[in-house]
Structure formats: structure tokens, C-alpha cells
Amino acid sequence: MQSCVNKYVRISDISAYMLCPRLAFFRRRQNRHVASMDIVRAAVFKEISRSLAGALATDDPEAAVRTQIEVACGDAEIVYGLPAGPVLEEAIGTARDIITGLDVESKRLGRDVLRAMLSPCERSQAIYSDRLRISGFVDRIVSLDGVRCPVVVCASKPPEAGIFAADRLKLAAAAMLMEEKFETTVGRGMVEYVCGWRIREADVRRYDRMAVLSARNRITQMGSAMPDARRGPWCTGCQYAGACDVRPFLASSLFRPVIFDSSGQRRQETNK
């Protein structure tokens with residue numbers, strides 16, 4: 001069952017590995033149907049992103065964004081069964097910054113270009129590649145100068161310049177999946193940082209593609225041995241902190257599948 005479930009390495013696994021190999025290890029072994037507040041938060045901010053093109057066309061964009069935030073949080077509670085109150089409070093607090101950021105980017109790029117970046121030619125879709133052994137959702141696909149470009153939506157504040165390394169790998173993986181699906185070359189894309197709203201363009205380099213494949217290989221070779229952690233600010237509030245602090249062999253055992261013999265008795269899995 002495990003090998004079937006993990007046939008593909010997800011884009012999110014690759015970006016997680018760039019942040020911390022142990023984070024990717026835990027995510028690969030987590031029940032994908034179990035919701036967490038991180039998932040709720042990401043879903044809400046992606047819904048906010050989807051509403052921005054329409055909000056800009058209204059007389060009061062900030063009010064439109066606030067309304068969409070409330071709708072997105074209410075929907076998230078229904079879908080995930082978790083209280084979205086903390087996410088609602090955070091998102092409402094960013095509404096003014098989002099509108100300010102949109103205004104800044106509109107002046108930099110031009111209103112028509114910004115609208116094109118916010119208006120997908122194709123909605124978020126799952127793409128799978130047997131050749132790449134990678135799968136994932138491309139948050140938004142836009143058409144700029146007649147060329148399809150991926151947009152990665154991040155529920156975080158932007159760096160001072162450029163994009164974060166983990167987001168660069170996520171963008172490269174999305175571009176590689178799109179190239180295979182649409183049989184075209186994808187040489188650039190964008191990362192949208194919803195908090196403190198900014199949209200950053202980036203080229204998809206050969207080095208980025210190699211880094212994606214290297215991360216994919218390392219993830220598939222993990223096995224049951226927990227890799228070393230890469231400590232940093234992201235450790236604060238990590239949902240796997242409890243398991244991360246235990247001994248590696250014990251943490252690995254927490255994710256082993258339970259196996260039963262023909263009589264229904266539980267037996268220990270053996271490594272072959």
C-alpha cells in the first residue's frame with residue numbers, strides 16, 4: 001500500500017525537502033486525508049488569491065477582499081472540520097497590506113499585466129508524470145504574451161528580493177510538469193506571496209530542474225530511516241515537532257504500517 005500511495009513525489013514534498021529533509025520525511029508518511037491547520041491556512045490564502053482579480057474591479061477592493069476572507073474561512077471549516085478562527089484573524093489583518101501590495105505591483109507592472117497575472121487561463125489542476133515520477137497541483141496557469149506560465153501561490157510574506165529557494169524548486173517542478181502535459185517549453189513563472197502582497201517573476205533554470213530531480217531521488221531513497229533535520233525559524237510551530245524530537249529509529253517506527261497475519265494477529269514488520 002505504501003509503495004502505491006507514494007508512486008509519485010509531490011511538488012510539496014520537494015519544496016519541503018529543500019526546507020528540511022525531515023519535514024519531507026514526515027509528510028510522506030502522514031495520512032493525506034488528515035487535515036491540519038497548515039492545510040487550512042494554505043487553502044484560505046489560495047482562495048484569497050483567486051478573488052483578487054474580481055476585487056480589483058470593484059469600487060472598494062479592500063471590502064471585497066475582507067468579504068472573501070470570511071467566505072473562505074467559513075468554507076474551510078466545512079471542508080476540513082477544523083476551526084478557522086485563528087486563520088480568519090490573521091487574514092483580516094493582512095487585507096490592507098494585500099491592497100497596498102496590489103497597488104505597488106500595479107504601478108510597477110501596469111494594470112493590464114497585473115490583471116493578466118491574476119486571471120488564469122486555466123484553473124488549479126493536478127498534473128502527474130510517470131516519466132518524472134512527480135505529481136502536484138499548479139496553483140494557477142496564466143498566459144503572458146501567448147505563453148503559458150505557472151504561478152505558485154504562497155501564504156507567506158515575500159523575501160526582500162527574489163523568491164525563496166523552496167519556492168524556486170516548487171516553481172521549477174510545476175514548469176516541468178506543464179512542459180510534459182502541454183508539450184511546450186516553460187522558461188519562466190511567478191511566485192505570488194499573498195501576505196504583504198507581491199508577485200515575483202523568475203526564470204526556470206537548468207540548475208533548478210536538476211535540483212528538483214535530485215530532491216526527488218533523495219526523497220524516494222529515504223526508506224524508513226529518518227534523515228537529519230535542518231533547523232531554522234520554520235521549526236517554530238511545526239506540527240511534527242513532537243515526533244522530530246524523539247530518537248530517529250523511534251520516529252521512523254511511528255509511521256510503519258501495521259501488518260496482520262492470516263489469523264488476524266498483529267505482527268512486526270521486518271526489513272528486507
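I looked first at the residue classes in the lining of the largest cavity and noted six nonpolar, no polar and two charged residues, where Ala, Val, Leu, Ile, Met, Phe, Trp, Tyr, Cys and Pro count as nonpolar, Asp, Glu, Lys and Arg as charged, and the others, Gly among them, as polar.

I noted that this is a predicted model, in which local features need pLDDT of at least 70, side-chain atom pairs count only at pLDDT 80 or more, and totals for chains, interfaces and linings use all residues. Residues are numbered from 1 along each chain as its sequence is written, and side-chain values use heavy atoms, with hydrogens and water left out.

I then listed the lining of the largest cavity: Ile11, Phe137, Val138, Asp139, Val151, Val152, Lys170 and Ala174. A cavity here is a set of points on a 1 Å grid over the protein atoms alone where a 1.4 Å probe fits but cannot get out, and lining residues have an atom within 4 Å of a point. Two or more residues of this lining come from each of strand E3 (134-138), strand E5 (147-154) and helix H8 (165-182), helices (H or I, at least four residues) and strands (E, at least two) being DSSP runs numbered from the N terminus.

Next I turned to the open sheet, whose four strands follow the order E4-E5-E6-E7 with mixed pairing; two strands pair if DSSP finds at least two bridges between them. I recorded strand E4 (140-144) and strand E7 (198-203) as the edge strands, each pairing on one side only. I also saw that E4 and E5 pair in the antiparallel sense over five bridges, and that Leu144 has Val147 in E5 as its bridge partner.

Technical notes. 1 Å grid on protein atoms, 1.4 Å probe; cavity = no way out; pocket = protein on both sides within 12 Å on 5 of 7 lines; lining within 4 Å.
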